[in-house]
Amino acid sequence: MAKGGWQEFSRPESLQRGAPASEPSPKSQQRVRVQRTKAGKGGKMVTAITGLEAAENELKALLKQLKAAAGTGGTVKDGVIELQGDQVAPALAALEKAGYRPKQAGG
């Protein structure tokens, strides 16, 4: 008689984790937030766009559209798009045009 009759973790297939959903939710259902912030930017104002579920290359393409619409510089950091300056209104308009339903967060 073998010790331990519990076999839950002894099979390799039981150790496999479920794959995360690779399909992002539709643009119109994503919770996209646009807010002004100064935190950690040396006192400079930036507009942060969070909640976008897209691949890195899609975020960069969207960043290019947003920079053109706002007439300013920007970057993608850890899935967050940052635009230089107070660009909330142009960012909201450009995101709506791209098919998202953005909301302004913060003050």
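1. Let's start at the end of a helix: α3 is followed by Gly-99, whose phi is positive, near 105°. Another glycine does something to look at too: Gly-71, just after α2, has a positive phi of about 65°. When I say helix or strand, I mean DSSP runs numbered from the N terminus, with H or I over at least four residues for a helix and E over at least two for a strand.

2. A quick word on what you're looking at. This is a predicted model, where local features need pLDDT of at least 70 and side-chain atom pairs count only at pLDDT 80 or more, while totals for chains, interfaces and linings use all residues. Residues are numbered from 1 along each chain as its sequence is written, and side-chain values use heavy atoms, with hydrogens and water left out.

3. Now helix α2, residues 56–70. How far should its 15 residues span at 1.5 Å a residue? The expected span is 1.5 Å times one less than the number of residues. That gives 21 Å for α2, and its end C-alpha atoms are 21 Å apart, so the two agree.

4. Which residues of α2 are buried? They are Leu-59, Leu-62, Leu-63, Leu-66 and Ala-70. These residues cover an arc of only 110° around the axis, which means they sit on the same side of α2. The arc is that of the directions from the helix axis to the C-beta atoms. Buried here means under 20% relative accessible area, exposed means over 50%, and partly exposed is in between (1.4 Å probe, protein chains only). Turn to the face pointing away from the buried side and you'll find the exposed residues Asn-57, Lys-64 and Ala-68.

5. What does the buried side of α2 pack against? Its buried residues pack against β2, β3, β4 and α3 (88–97). For a close-up, take Leu-62: leaving aside neighbours within four places in sequence, Leu-62 is in contact with Leu-52, Ile-81, Leu-95, Ala-98 and Tyr-100. Contact means heavy atoms within 4.5 Å.

6. Back to α3, whose buried residues are Val-88, Ala-91, Leu-92, Ala-94 and Leu-95. They pack against β1, β2, α2, β4 and β5 (102–104).

7. On to the largest nonpolar core, which has 17 residues. A nonpolar core is a set of buried Ala, Val, Leu, Ile, Met, Phe, Trp, Tyr and Cys residues joined through side-chain atoms within 4.5 Å. Val-34, Ile-49, Leu-52, Leu-62, Leu-66, Ile-81 and Leu-95 touch the most other members. Two or more residues each come from β1, α2, β4 and α3, and the largest share, 5 residues, comes from α3. As background, in soluble globular proteins nonpolar side chains tend to be buried together.

8. Next, the strands around β4 (residues 80–84). Strand β2 (residues 46–50) pairs with β4 in the antiparallel sense over 4 bridges, and strand β3 (residues 74–77) also pairs with β4 in the antiparallel sense over 4 bridges. Two strands pair if DSSP finds at least two bridges between them. Find Leu-83 in β4: Thr-47 stands opposite Leu-83, and so does Gly-74. The hairpin of β3 and β4 has 2 residues between the strands, and in this hairpin Asp-78 takes a positive phi near 55°.

9. Is Glu-82, in strand β4, buried or exposed? At 14% relative accessibility, Glu-82 counts as buried. Not counting neighbours within four places in sequence, Glu-82 is in contact with Lys-41, Thr-47, Leu-63, Gly-73, Gly-74, Thr-75 and Lys-77. With Lys-77 there is a salt bridge between the side chains (3.9 Å, N to O). Lys-77 is partly exposed, with a relative accessible area of 44%.

10. How many salt bridges does the structure hold? It holds 2. A salt bridge is a side-chain nitrogen of Lys or Arg within 4 Å of a carboxyl oxygen of Asp or Glu. Besides the Glu-82 and Lys-77 pair, the side chains of Arg-36 and Asp-86 meet in one (3.4 Å, N to O). Arg-36 lies in strand β1 and Asp-86 in the loop between β4 and α3, so this pair ties together parts that are 50 residues apart in sequence. Arg-36 counts as partly exposed at 30% relative accessibility, and Asp-86 as partly exposed at 45%.

11. Last stop: Met-45, in the loop between β1 (32–37) and β2. Leaving out residues up to four places away in sequence, Met-45 touches Arg-36, Thr-37, Lys-38, Gln-84, Gly-85 and Asp-86. Met-45 is partly exposed, with a relative accessible area of 30%.
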